[in-house]
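Colleague: I have some questions about this protein. Could you take me through them one by one?

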Amino acid sequence: MAESLFMLFSIEDRIVREGEYICATGATVRQTALVFGVSKSCVHKDVTAKLKYIDNVLYLKTAAVLKRNFAEKHIRGGIATKKKYQKKSADEFLTANNVK
């Protein structure tokens, strides 16, 4: 069973690293979970509930990034949907015109 690099650190250390990563990159909870090899719910719980007891300043910075990400979520979803249907429309055009 392959261990994630981040599993070698203590839980508190991982929580701080997740907060620092989110602040440095503006990453979403989902993106952070992929990088650290843990679940989205674990990252969310770490940075919204546990981090404030470990490093309150980092918690406030991380909370601001998460708040911005939450406010932008509907925009990212709309962009993804637009791309999906643009690709679908292009594929349908190529199929209808027998273009390879």
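The exchange below goes from the overall fold to single residues.

Colleague: What kind of model is this, and how many helices and strands does the protein have?
Modeller: This is a predicted model. From the N terminus on, its elements run α-α-α-α. The secondary structure comes to 4 helices and 0 strands.

Colleague: What share of the residues counts as buried?
Modeller: The accessible surface of the protein is about 7400 Å². Carbon and sulfur atoms hold 61% of that surface. Of the 100 residues, the buried share is 25%.

Colleague: Among contacts with a separation of 6 or more, what percentage joins residues 24 or more positions apart?
Modeller: The count here takes in contacts with a separation of 6 or more. Within that set, pairs 24 or more positions apart account for 56%.

Colleague: What span should helix H1 have, and how far apart are its end C-alpha atoms?
Modeller: Helix H1 covers residues 11-25, which makes 15 residues. The rise is 1.5 Å a residue, and it is counted over one less than the number of residues. The expected span is therefore 21 Å, and the end C-alpha atoms agree with it at 21 Å.

Colleague: Which residues of H1 are buried, and which residue just after H1 takes a positive phi?
Modeller: An α-helix has 3.6 residues a turn, so residues three or four places apart point the same way. In H1 the buried residues are Arg14, Ile15, Val16, Glu18, Gly19 and Ile22. Just after the helix, a positive phi of about 70° is taken by Gly26.

Colleague: Is Thr32 buried or exposed?
Modeller: Thr32 is in helix H2, residues 29-36. Its relative accessibility is 0%. The cut-off for burial is under 20%, so Thr32 counts as buried.

Colleague: Which backbone oxygen does the side chain of Thr32 reach?
Modeller: The side chain of Thr32 makes its approach at 2.8 Å. A polar contact needs a pair of N or O atoms within 3.5 Å. The partner is the backbone oxygen of Thr28.

Colleague: Which residues does Thr32 contact, leaving aside its neighbours within four places in sequence?
Modeller: Take Glu18 to begin with: Thr32 and Glu18 are 14 residues apart in sequence. Their C-alpha atoms are 6.8 Å apart in space. The full list for Thr32 is Glu18, Tyr21, Ile22, Ala27 and Val43.

Colleague: How are the rings of Tyr21 and Phe36 arranged?
Modeller: The protein has 1 aromatic pair. The ring centres of Tyr21 and Phe36 are 5.8 Å apart, and their planes are at 75°. Planes over 60 degrees apart count as edge-to-face, so this pair is edge-to-face.

Colleague: Which helices hold the two residues of that pair, and how accessible is each one?
Modeller: Tyr21 is in helix H1 and Phe36 in helix H2, 15 residues apart. At 26% relative accessibility, Tyr21 is partly exposed. Phe36 is buried, at 3%.

Colleague: How many disulfides are there?
Modeller: A disulfide is a covalent bond between the sulfur atoms of two cysteines. Cys23 is partly exposed at 27% relative accessibility. Cys42 is partly exposed at 22%. The count of disulfides is 0.

Colleague: Which backbone oxygen lies 3.0 Å from a polar atom of the Asn69 side chain?
Modeller: Asn69 lies in helix H4, residues 56-96. At 6% relative accessibility, Asn69 counts as buried. Leaving aside neighbours within four places, Asn69 is in contact with Gly26, Ala27, Thr28 and Arg76. The oxygen at 3.0 Å belongs to Ala27.

Colleague: Which residues does Tyr59 contact, leaving aside its neighbours within four places in sequence?
Modeller: Tyr59 lies in helix H4. With a relative accessible area of 18%, Tyr59 is buried. Tyr59 and Ala49 are 10 residues apart in sequence, with their C-alpha atoms 9.0 Å apart. The contacts of Tyr59 are Val47, Thr48, Leu51 and Lys52.

Definitions and conventions. Residues numbered from 1 in each chain as written. Predicted model: local features only at pLDDT ≥ 70, side-chain atom pairs only at ≥ 80, totals over all residues. Heavy atoms only, no water. Buried < 20%, exposed > 50% of the residue type's maximum accessible area, 1.4 Å probe, protein only. Polar contact = N/O pair within 3.5 Å; in protein donor to acceptor, adjacent residues only side chain to side chain. Contact = heavy atoms within 4.5 Å. Areas by Shrake-Rupley, 256 points an atom, 1.4 Å probe, with all protein chains shown as cover. Phe/Tyr/Trp six-rings, centres within 6.5 Å; stacked < 30°, edge-to-face > 60°. Disulfide = S-S within 2.5 Å.
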